[in-house]
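Dear colleague,

I am passing on a structure that I would like you to look over when you have time. The model comes directly below, and my notes on it follow.

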Amino acid sequence: MNLQPTIKYKKVKSAEEQWTACYCRLSCDDDLDGDSNSIRNQKMLLQKYADENRLRNVKFYVDDGYSGSNFDRPDFKRMMDDVDNGKIATVIVKDMSRFGRDHTTRNIILPKPTLGL
């Protein structure tokens with residue numbers, strides 16, 4: 001009987017294959033078809049930041065019309081799954097409130113100091 005713990009290793013993509021996640025969120029959708037004005041502005045700022053800092057393989061994760069008071073948001077969950085699976089090297093947000101307003105949980109998810117735009 002083997003009593004040694006089983007260790008699962010995730011396959012992490014190489015740096016060239018990993019994505020830069022740009023996360024956008026807005027609590028109230030402005031009823032426009034497609035992205036709201038705020039989401040469009042966030043995307044523009046994040047893409048510009050990624051370009052200026054040579055961050056490659058940009059992928060947007062957008063929760064338009066979702067509160068930042070909790071982390072039960074579809075694209076946030078998808079992004080965190082991609083982080084856990086080694087697909088994402090960097091996550092950038094316009095400011096920390098876009099990531100989430102629950103400071104306690106946010107600090108558990110992001111234990112290291114981070115910089116916003």
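**A loop with two positive phi values**

Asn 57 lies in the loop between α1 and β2. The model is a predicted one, so please read what follows with that in mind. The phi of Asn 57 is positive, at about 50 degrees, although this residue is not a glycine. Arg 54 is found in the loop between α1 (37-52) and β2 (58-64) as well, and its phi, near 55 degrees, is again a positive value in a residue other than glycine. I mention both because most residues other than glycine have a negative phi. As for their surroundings, Arg 54 counts as exposed because its relative accessibility is 75%, whereas Asn 57, at 35% relative accessibility, counts as partly exposed.

**The overall layout**

The secondary structure of the protein comes to 4 helices and 3 strands, and from the N terminus on these elements follow the order β-α-β-α-β-α-α. If one takes the contacts between residues at least 6 apart in sequence, 65% of them join residues that are at least 24 apart. Of the 117 residues in the protein, 30% are buried, and the accessible surface comes to about 8000 Å², with 51% of that surface belonging to carbon and sulfur atoms.

**Rings, and charges over rings**

The count of aromatic pairs comes to 2. In one of them, Tyr 23 and Phe 76 meet edge-to-face, with 5.8 Å from centre to centre and 75 degrees between the planes. This pair links distant parts of the chain, since Tyr 23 belongs to strand β1 (residues 19-26) and Phe 76 to helix α2 (residues 74-84), the two being 53 residues apart. Both Tyr 23 and Phe 76 are buried. Phe 71 and Phe 76 also pair, and here the ring centres are 5.0 Å apart and the planes stand at 45 degrees, so the pair is tilted; Phe 71 is buried, as is Phe 76. Taken together, the ring pairs link Tyr 23, Phe 71 and Phe 76 into a cluster.

Charged side chains also meet aromatic rings in this model. The charged end of Arg 73 sits over the ring of Phe 76, at 5.0 Å from its centre, while Lys 59 lies over the face of Trp 19, at 4.0 Å from the ring centre.

**The nonpolar cores**

In soluble globular proteins, nonpolar side chains tend to be buried together. Which residues make up the largest nonpolar core here? The core has 11 residues, namely Trp 19, Ala 21, Tyr 23, Tyr 61, Phe 71, Phe 76, Met 79, Met 80, Ile 88, Val 93 and Phe 99, and the elements that give two or more residues to this core are β1, α2 and β3 (88-93). Ala 21 is one of its members, and, leaving aside neighbours within four places in sequence, Ala 21 is in contact with Lys 59, Tyr 61, Met 79, Ile 88, Thr 90, Val 91 and Ile 92. There is also a second, separate core of 8 residues, which includes Cys 24, Leu 26, Ile 39 and Leu 46.

With best regards

Terms used:
Residues numbered from 1 in each chain as written. Predicted model: local features only at pLDDT ≥ 70, side-chain atom pairs only at ≥ 80, totals over all residues. Heavy atoms only, no water. Buried < 20%, exposed > 50% of the residue type's maximum accessible area, 1.4 Å probe, protein only. Contact = heavy atoms within 4.5 Å. Areas by Shrake-Rupley, 256 points an atom, 1.4 Å probe, with all protein chains shown as cover. Phe/Tyr/Trp six-rings, centres within 6.5 Å; stacked < 30°, edge-to-face > 60°. Lys NZ or Arg CZ within 6 Å of the ring centre and 35° of its normal. Core = buried A, V, L, I, M, F, W, Y, C linked by side-chain atoms within 4.5 Å.
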